[in-house]
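Here is a short report on one protein chain. Keep the sequence and the structure open while you read.

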Amino acid sequence: PDDWLNLNNLGGLIRTNDLVTQKLKPNLNIQLKGANFRTNSLGLRDRPVELHRPENTLRMALLGGSIEMGTGVETDQTYENLVEDEINKENLFSEFEKVEIVNFGIARTHLPQHIARIDKIVPDFNPQVVIFTAHSDEARRVMSNLYRVYVDSLEIDYDYLNTLFAELNLPRTVDEATFVRALKPRINEFIGWGLNHIKEKTESMGAVPVWMFVPALDEKPTPE
């Protein structure tokens, strides 16, 4: 529908000049694709969350995109909150009083932004588990995301990624199709580097890394 505007058009995003790329504005209360969209005081699409982990709580951090953020559904209908409610209802982690899943999902963010968030944002929340997601047609999504990072000339703090971009030897004004053709032979290499970076950073915090595949509903293929 014509009135289904994205978060950028609705003024819901804070742009950054680094690989984090964008953040949600705190305390939003807007309509997004047919549903009320709220953020908490920390700029997360979630229920109220304290920065410091409460005692006797198992805290999980969820990194993802629009599916995790819950585009088009109310806060209590995001799969993150549905799972959190079910876990606590069933008392699945009985050694803890409560399980809390903190939702870092933001629309149009993918592996590059997950890397930056695990370094710059997630550690302040002191999670014991970090869940990082992938979706159907993941390689294409990541390549399109890297194209936007490249043409926007964002500040990159990662030697691997700066070297990869330099070796592509393309102007910043390159069109997306040309960029993707040049990047495609190395996309699995980048994904492997990125997933390992998240794993190692998570473990350095003393947390457990969990990779989770969440299929989209568009039936696009995902190579095994």
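The report moves from the whole chain to its cores and then to single residues.

## The chain as a whole

This is a predicted model. Its chain carries seven helices and eight strands. The radius of gyration is 18 Å, and the globule rule gives 17 Å for 224 residues. The two values are close, so the chain is as compact as a globular protein of that length. Along the principal axes, the C-alpha trace spans about 55 × 45 × 35 Å.

How much of the chain is buried? Buried residues account for 46% of the 224 residues. The exposed surface comes to about 11700 Å², and carbon and sulfur atoms supply 50% of that area.

Contacts reach far along the sequence. Take those between residues at least 6 apart: 69% of them join residues at least 24 apart.

Charge comes next. The chain has 24 positive side chains and 34 negative ones. The centres of these two sets lie 5 Å apart.

## The nonpolar cores

Which residues touch the most other members of the largest nonpolar core? They are Phe104, Leu146, Leu161, Phe179 and Phe190, in a core of 39 residues. Several elements each supply at least two residues of this core. Two of these are strands, S5 (57–63) and S7 (129–134). The others are helices: H3 (111–120), H4 (138–151), H5 (159–168), H6 (176–183) and H7 (187–204). Helix H4 gives the most, with six residues.

Leu146 shows how such a core residue is packed. Setting aside neighbours within four places in sequence, Leu146 is in contact with Pro112, Leu161, Phe165, Phe179, Leu183, Ile187 and Phe190. Three of these partners, Leu161, Phe179 and Phe190, are also named among the residues that touch the most other core members.

A second core is separate and holds 10 residues. Among them are Leu24, Ile30, Leu32 and Met69.

## Around helix H1

Helix H1 covers residues 66–69, and Ser66 sits in it. Ser66 has a relative accessible area of 33%, so this residue is partly exposed. Beyond neighbours within four places in sequence, Ser66 is in contact with Thr71, Ile106, Ala107 and Arg108. Ser66 and Ala107 are 41 residues apart along the chain, yet their C-alpha atoms are separated by 3.8 Å.

Gly64 belongs to the loop between S5 and H1. Its relative accessibility is 1%, so Gly64 counts as buried. What does Gly64 contact, leaving aside neighbours within four places in sequence? The partners are Phe104, Gly105, Ile106, Thr109, His114 and Thr133. Ile106 is thus a contact of Gly64 and also of Ser66. Asn36 is 28 residues from Gly64 along the chain, and the two C-alpha atoms are separated by 20 Å.

On the other side of H1, Gly70 lies in the loop between H1 and helix H2 (79–90). Gly70 is buried, with a relative accessible area of 4%. Not counting residues up to four places away in sequence, Gly70 touches Arg45 and Thr78. The C-alpha atoms of Gly70 and Thr222 are separated by 22 Å, with their positions 152 residues apart along the chain.

## Positive phi and a helix residue

Two residues other than glycine have positive phi angles. They are Asp137, near 60°, and Ser153, at about 50°. Asp137 lies in the loop between S7 and H4. Ser153 lies in the loop between H4 and H5.

Is Asp137 buried or exposed? Its relative accessible area is 14%, which is under the 20% cut-off, so Asp137 is buried. Ser153, at 40%, is partly exposed.

Glu203 is part of helix H7. At 40% relative accessibility, Glu203 counts as partly exposed. Glu203 and Asp18 are 185 residues apart in sequence and 24 Å apart in space, C-alpha to C-alpha.

The table collects the accessibility values.

| Residue | Relative accessible area | Class |
|---|---|---|
| Gly64 | 1% | buried |
| Ser66 | 33% | partly exposed |
| Gly70 | 4% | buried |
| Asp137 | 14% | buried |
| Ser153 | 40% | partly exposed |
| Glu203 | 40% | partly exposed |

Methods. Residues are numbered from 1 along each chain as its sequence is written. This is a predicted model: local features need pLDDT of at least 70, side-chain atom pairs count only at pLDDT 80 or more; totals for chains, interfaces and linings use all residues. Side-chain values use heavy atoms; hydrogens and water are left out. A nonpolar core is a set of buried Ala, Val, Leu, Ile, Met, Phe, Trp, Tyr and Cys residues joined through side-chain atoms within 4.5 Å. Buried means under 20% relative accessible area, exposed over 50%, partly exposed in between (1.4 Å probe, protein chains only). Helices (H or I, at least four residues) and strands (E, at least two) are DSSP runs, numbered from the N terminus. Contact means heavy atoms within 4.5 Å. The radius of gyration is taken over C-alpha atoms; the globule rule is 2.2 Å times the number of residues to the power 0.38. Accessible areas come from the Shrake-Rupley method with a 1.4 Å probe; for residues, only the protein chains shown count as cover. Lys and Arg count as positive and Asp and Glu as negative; His and the chain ends are not counted. The place of a charge is taken as NZ of Lys, CZ of Arg, CG of Asp or CD of Glu.
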